[in-house]
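Here's a quick tour of one protein model, going through a helix and a handful of loop residues. Have a look at the sequence and the coordinates before reading on.

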Amino acid sequence: KRACDTEVRPTSQSLANRYAGKTVVAIGAHPDDLEIGVGGTLAKLQRSGSHVVMVVASLPRAFDVGLHEAKRGAQILGCELKVLLDQGPMRLEDIKTCELVSLLDGVVRDYEPAAVLTHSSVDFHNDHLMIYNASLPTQRHGHFDFFSYHPTNCRPVPIAFHPRAYVDISDTIDAKMHAITAHASQFGGRGLDTEMYREFAHVQGRIAGVTYAEGLDVLRLLLA
């Protein structure tokens, strides 16, 4: 049987193998952003031996509730949680850009990640764009792989995001969905259906030839 006819992929080329035993930092503006955007990827990395840090920038309202749900989501995915603005409810728009950059600089210096995943430049939420723009300068502190994930939203809307890489999350889709539903105040309390995230992962998987996938844009990647 020809190699091109088989679905078996070399483990040496897997994302999990690339970062096994290393630290991966994922940055989101608010609780639930990371679960929605890359929850399956983070669970896959953690299960394969990566130390995954979920950085949540702020909890703009109901701080105690949001913090509890963020902890629960991180626990389900097996990741460490770090909240940047942890003194109480705060909007990202209320702090200076230089302060946000400084906080993310500190994360990169402290964790020395092998990879960073953050919001996309085509996101339509201003606070998500603030995180993306503040994450860019952190590259001056280290040589890490840098990715952005699909814009996150509570309702399906058209977005011009075209992934350049896909992560097979067929074995972690249930963990992703479980972590999303941990944010009951965001979804259950507002009557929002979370099943669209499973459906979207299935569409992404069809593009990549697997059952479920998450798409990433590649901003920087070192090929040895």
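What follows is a short walk through one helix and four loop positions.

First, the ground rules. This is a predicted model, where local features need pLDDT of at least 70, side-chain atom pairs count only at pLDDT 80 or more, and totals for chains, interfaces and linings use all residues. Residues are numbered from 1 along each chain as its sequence is written, and side-chain values use heavy atoms, with hydrogens and water left out.

Let's start with helix H2, which covers residues 33-47. Helices here are DSSP runs of H or I with at least four residues, strands are runs of E with at least two, and both are numbered from the N terminus. From first C-alpha to last, the 15 residues of H2 reach 20 Å, close to the 21 Å expected at 1.5 Å a residue; that expected span is 1.5 Å times one less than the number of residues. Even so, H2 has a kink of about 75° centred on Gly39, with the bend taken as the angle between axes fitted to the seven residues ending at a position and the seven starting there. H2 is also mostly covered, with 13 of its 15 residues buried. Buried means under 20% relative accessible area, exposed means over 50%, and partly exposed is in between, using a 1.4 Å probe and protein chains only. After H2 comes Gly49, with a positive phi near 105°.

Now for the loops, with four residues side by side:

| Residue | Loop between | Relative accessible area |
|---|---|---|
| Asp32 | S1 (23-28) and H2 | 6%, buried |
| Glu112 | H4 (97-111) and S4 (115-118) | 65%, exposed |
| His150 | S5 (145-149) and S6 (165-168) | 16%, buried |
| Asp193 | H6 (173-181) and H7 (195-208) | 52%, exposed |

Two of these have backbone angles worth a look. Asp32 isn't a glycine, yet its phi is positive at about 90°. Glu112, also a residue other than glycine, has a positive phi near 45°.

Which residues does His150 touch, leaving aside its neighbours within four places in sequence? His150 is in contact (heavy atoms within 4.5 Å) with Gly37, Ile159, Phe161, Phe200 and Gly215.

Finally, Asp193: its side chain reaches the backbone nitrogen of Glu195 at 3.0 Å. Thr97 is 96 residues from Asp193 along the chain, and their C-alpha atoms are separated by 34 Å.

How values were computed. Polar contact = N/O pair within 3.5 Å; in protein donor to acceptor, adjacent residues only side chain to side chain.
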